[in-house]
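Colleague: Please take a close look at a single strand in this model and describe how it is placed within the whole. I should also like a word on the side-chain pairs and the cysteines.

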Amino acid sequence: MNDSSKAVFLSYASQDAEAARRICETLRASDVEVWFDAEGGLEHGDEWDAKIRKQIKECVLFIPIISAHTQARLEGYFRIEWALAAERAVGIADGVPFVLPVVIDDTREPEALVPDRFRKVQWMRLLGGVLTPPVQQRLLKLWSHRTSAAKHAAEIARTSPPAMFSEAG
């Protein structure tokens, strides 16, 4: 991935890799940058962990994939990813999309074992990880809005003169 500030991060239980791959391929076909760890080229360990943490810190959207598999696994690395995303979301302004939970089966939201922060946003249901055209358009609109806002903020930071501070005396 070339620009993580435009990336979508997919987080899932290993048993849901095929559904995650479908979501990844559909988004990439629409020219969306997607960080999909199955293509990471690293073995699990400290370097892997550092790369994942960096991607979560820098991605523009975080998509946790929720399923019967995530329900069945009370421990798993995806739970660390979810906690990191929930922590980052606390620092993002209300109303700014960041966490976009996706349910790929009949798992019900009220019983889902997810961070509380995930319950504060609208969930999407993508059976088997298949993006319907309306859901794909919604995701593309959110991604486009977030990447445009990030680009605008970076331009302002780059072109603004340094702040001048004076002490009252």
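Modeller: A contact here means heavy atoms within 4.5 Å. On that basis, residues 24 or more positions apart account for 70% of the contacts in the protein chain with a separation of 6 or more. The model is predicted, so local features need pLDDT of at least 70 and side-chain atom pairs count only at pLDDT 80 or more, while totals for chains, interfaces and linings use all residues. Residues are numbered from 1 along each chain as its sequence is written, and side-chain values use heavy atoms, with hydrogens and water left out.

The setting comes before the strand itself. Helices (H or I, at least four residues) and strands (E, at least two) are DSSP runs, numbered from the N terminus. The protein chain has five of each, and their order from the N terminus is β-α-β-α-β-α-α-β-β-α. Of its 169 residues, 41% count as buried, where buried means under 20% relative accessible area, exposed over 50%, and partly exposed in between (1.4 Å probe, protein chains only). The chain exposes about 9,900 Å², with carbon and sulfur atoms supplying 53% of that area; accessible areas come from the Shrake-Rupley method with a 1.4 Å probe, and for residues only the protein chains shown count as cover.

The strand I have chosen is β3, residues 61-66, which is mostly covered: six of its six residues are buried. In a regular strand the side chains alternate between the two faces of the sheet. In β3, L61, I63 and I65 point one way, F62, P64 and I66 point the other way, and all are buried.

The partners of β3 follow from bridge counts, since two strands pair if DSSP finds at least two bridges between them. Strand β1, residues 7-11, runs parallel to β3 and is joined to it by four bridges; there V8 stands opposite L61. Strand β4, residues 102-103, also pairs with β3 in the parallel sense, over two bridges, and V102 of β4 stands opposite I65.

Helix α2 (residues 46-58) holds two charged pairs. A salt bridge is a side-chain nitrogen of Lys or Arg within 4 Å of a carboxyl oxygen of Asp or Glu, and by this rule the count comes to four. In α2, D49 and R53 lie four residues apart, about one turn of the helix, and form a salt bridge whose closest N and O atoms are 2.7 Å apart. K54 and E58 have the same four-residue spacing in α2, about one turn, and their closest N and O atoms are 3.0 Å apart. R53 is partly exposed at 38% relative accessible area, as are K54 at 47% and E58 at 29%.

Helix α1 (residues 17-29) offers another such pair: E18 and R22 are separated by about one helical turn because they are four residues apart. Their salt bridge has its closest N and O atoms 3.9 Å apart, and R22 is partly exposed, with a relative accessible area of 33%.

Finally, the cysteines. C24 is buried at 1% relative accessibility, and C59 is likewise buried at 1%. A disulfide is a pair of cysteine sulfur atoms within 2.5 Å, and the structure holds zero of them.
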